[in-house]
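Trainee: I'd like to learn how to read a structure like this one. Can we walk through it together?
Mentor: Sure, let's put it up and take the features one by one.

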Amino acid sequence: MFRRLLAPILSVALFAAPAGASEEDAASLGEALRLSDVFAVMSDEGHAYGRHLEEDMFPGSGGRHWEELVRNIYAPDRMIPDFNAAFEAELARQPADIAAMLDFFSSDLGRRVTTLEISARRALLDEAVEDASRLKLEEMRAERDPRLSLVEEFVVVNDLVETNVSGGLNANFAFYRGLGDAGALGAEMGEAEILSEVWAQEDAIREETDVWIHSYLAMAYAPLSDAEMADYIAFSRSKPGQDLNRALFAGYNAVFVNVSRQLGQAAGAVLAGQDL
C-alpha cells in the first residue's frame, strides 16, 4: 500500500507483537509487508532530500558534516522504533485482524503488489524516471485512459491524498519548530506565525501530492490486470485493509514528524553558523 514512504526481512526485535497478536504473526506481517525494504528506500529518499535542502537553504555550506547529519537522521535503525511504537499502538487500539492482513499479503497477488510498489519506489529515486512518470500520467489523463479510474478508486478508498497532505503539513510544522529550536528563526516567528506559514503551503502540497501519488501508482500497477486491481481495491476497502492503512499511516507520520524536526534543527544549526 502506498504511503509516501516504502530492505533484509524484519525480525521480531524490529516488529514487536501488538496486543492480541503472537510474535510469530507480527514477524510474519512485517516480512509480508517488507517493511525493512520500505525503510531502506525512505533512507535513500532522505539523503536525496537532504541534498536538495542544502541547495535551497545554504548552497555549498553544508559539506560532509551536513551529509553525515542527514545520514544519521535517516538511518533505518533510528526511524524504525518510532514507526513501531505508533503502528503497534494503532493496531492494538482497533483491534486488528492480522490474520486477514497476512492472508492477503502472503498471497500471490499480495506479494506481487508489494514487489511492484517497492520497485517503483526505488525507480523514482532517479529524477528522470519521476519526470517520465509524470508525463505518462498527463498522457493517460489526456487520453482518458480507463486504468486511471481504478487508480483513482484505490486513491479514494485509501484516502491517500488527504492523509498525505495532513502528514506533510505536520512534517513542515515540525521542520519550522526544529529551525526555531536551533535559533534560526527570528523572535517574531512564534507558533502562530509558523502555523500561518505552514497553512499557506496547503494548496501547493495538495497539488504536488495528487500528481505524485497518481503518477507513482499508475507506474507501479501498470503490470496488474484490471481484475487484480479490483481485488486489491476490495482488500483495501475491507476492515482489515482499512485498519492496516490507518496503522501504517500512524507509524509513518510519527517517523516524518520526528525526522522533520531533526532536519530543522540540523539545518538551523548550519544557518546559525553562517554570516547572514
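Trainee: What percentage of the residues in the chain is buried?
Mentor: Keep in mind that this is a predicted model. A residue counts as buried when its relative accessible area is under 20%. Here 47% of the 276 residues in the chain are buried. The accessible surface of the chain is about 13,000 Å², and carbon and sulfur atoms account for 52% of that.

Trainee: And how many helices and strands does the chain have?
Mentor: There are 13 helices and zero strands. Reading along the sequence, you get α-α-α-α-α-α-α-α-α-α-α-α-α.

Trainee: Let's pick one helix. Where does I118 lie, and is I118 buried or exposed?
Mentor: I118 belongs to helix α6, residues 108-123. Its relative accessibility is 4%, so I118 is buried. You can also look for spatial neighbours from elsewhere in the sequence: V41 is 77 residues away from I118 along the chain, yet their C-alpha atoms are 8.0 Å apart.

Trainee: What does T114 touch, leaving out residues up to four places away in sequence?
Mentor: T114 touches A32, L33, R34 and F105. T114 is in α6 too, and with a relative accessibility of 4% it counts as buried.

Trainee: How do α6 and α12 pack, and at what angle?
Mentor: For a helix pair, look at the angle and the distance between the axes. Angles of 65 to 115 degrees count as roughly perpendicular. Helix α6 meets helix α12 (residues 226-237) at about 95 degrees, with the axes 11 Å apart. These two helices are therefore roughly perpendicular to each other.

Trainee: Which residues in α6 and α12 meet?
Mentor: From α6 you have L109, R112, V113 and E117, and from α12 you have E228, D231 and Y232. Sorted by class, that contact has three nonpolar, four charged and no polar residues.

Trainee: On to the rings. How many aromatic pairs does the structure hold?
Mentor: The structure holds 13. To read a pair, check the distance between ring centres and the angle between planes. Planes under 30 degrees apart count as stacked, over 60 as edge-to-face, and the rest as tilted. For F39 and Y252 the centres are 6.1 Å apart and the planes are at 50 degrees, so this pair is tilted. F39 sits in helix α2 (residues 35-57) and Y252 in helix α13 (residues 239-272), so the pair ties together parts that are 213 residues apart in sequence.

Trainee: Are F39 and Y252 buried or exposed?
Mentor: F39 is buried, at 1% relative accessible area, and Y252 is buried as well, at 2%. Now set a stacked pair beside them: W212 and Y216 are 5.1 Å centre to centre, with 25 degrees between the planes. W212 and Y216 are four residues apart in helix α11 (residues 202-220), so about one helical turn separates them. Both W212 and Y216 are buried.

Trainee: Which residues do ring pairs link into a cluster?
Mentor: That cluster consists of F104, F105, F154, Y221, Y232 and F235. You've met two of these names already: F105 touches T114, and Y232 is part of the contact between α6 and α12.

Trainee: One last residue: where is I80 found?
Mentor: I80 is in helix α4, residues 76-93, and is buried at 7% relative accessible area. I80 and Y252 are 172 residues apart in sequence, but 9.4 Å apart from C-alpha to C-alpha.

Note on methods
Residues are numbered from 1 along each chain as its sequence is written. This is a predicted model: local features need pLDDT of at least 70, side-chain atom pairs count only at pLDDT 80 or more; totals for chains, interfaces and linings use all residues. Side-chain values use heavy atoms; hydrogens and water are left out. Buried means under 20% relative accessible area, exposed over 50%, partly exposed in between (1.4 Å probe, protein chains only). Accessible areas come from the Shrake-Rupley method with a 1.4 Å probe; for residues, only the protein chains shown count as cover. Axes are lines fitted to C-alpha atoms, for helices over the stretch in contact, and angles run from 0 to 180 degrees between N-to-C directions. Angles under 35 degrees count as roughly parallel, over 145 as roughly antiparallel, 65 to 115 as roughly perpendicular and the rest as oblique. Contact means heavy atoms within 4.5 Å. Ala, Val, Leu, Ile, Met, Phe, Trp, Tyr, Cys and Pro count as nonpolar, Asp, Glu, Lys and Arg as charged, and the others, Gly among them, as polar. Rings of Phe, Tyr and Trp (its six-membered ring) pair if their centres lie within 6.5 Å; planes under 30 degrees apart count as stacked, over 60 as edge-to-face and the rest as tilted.
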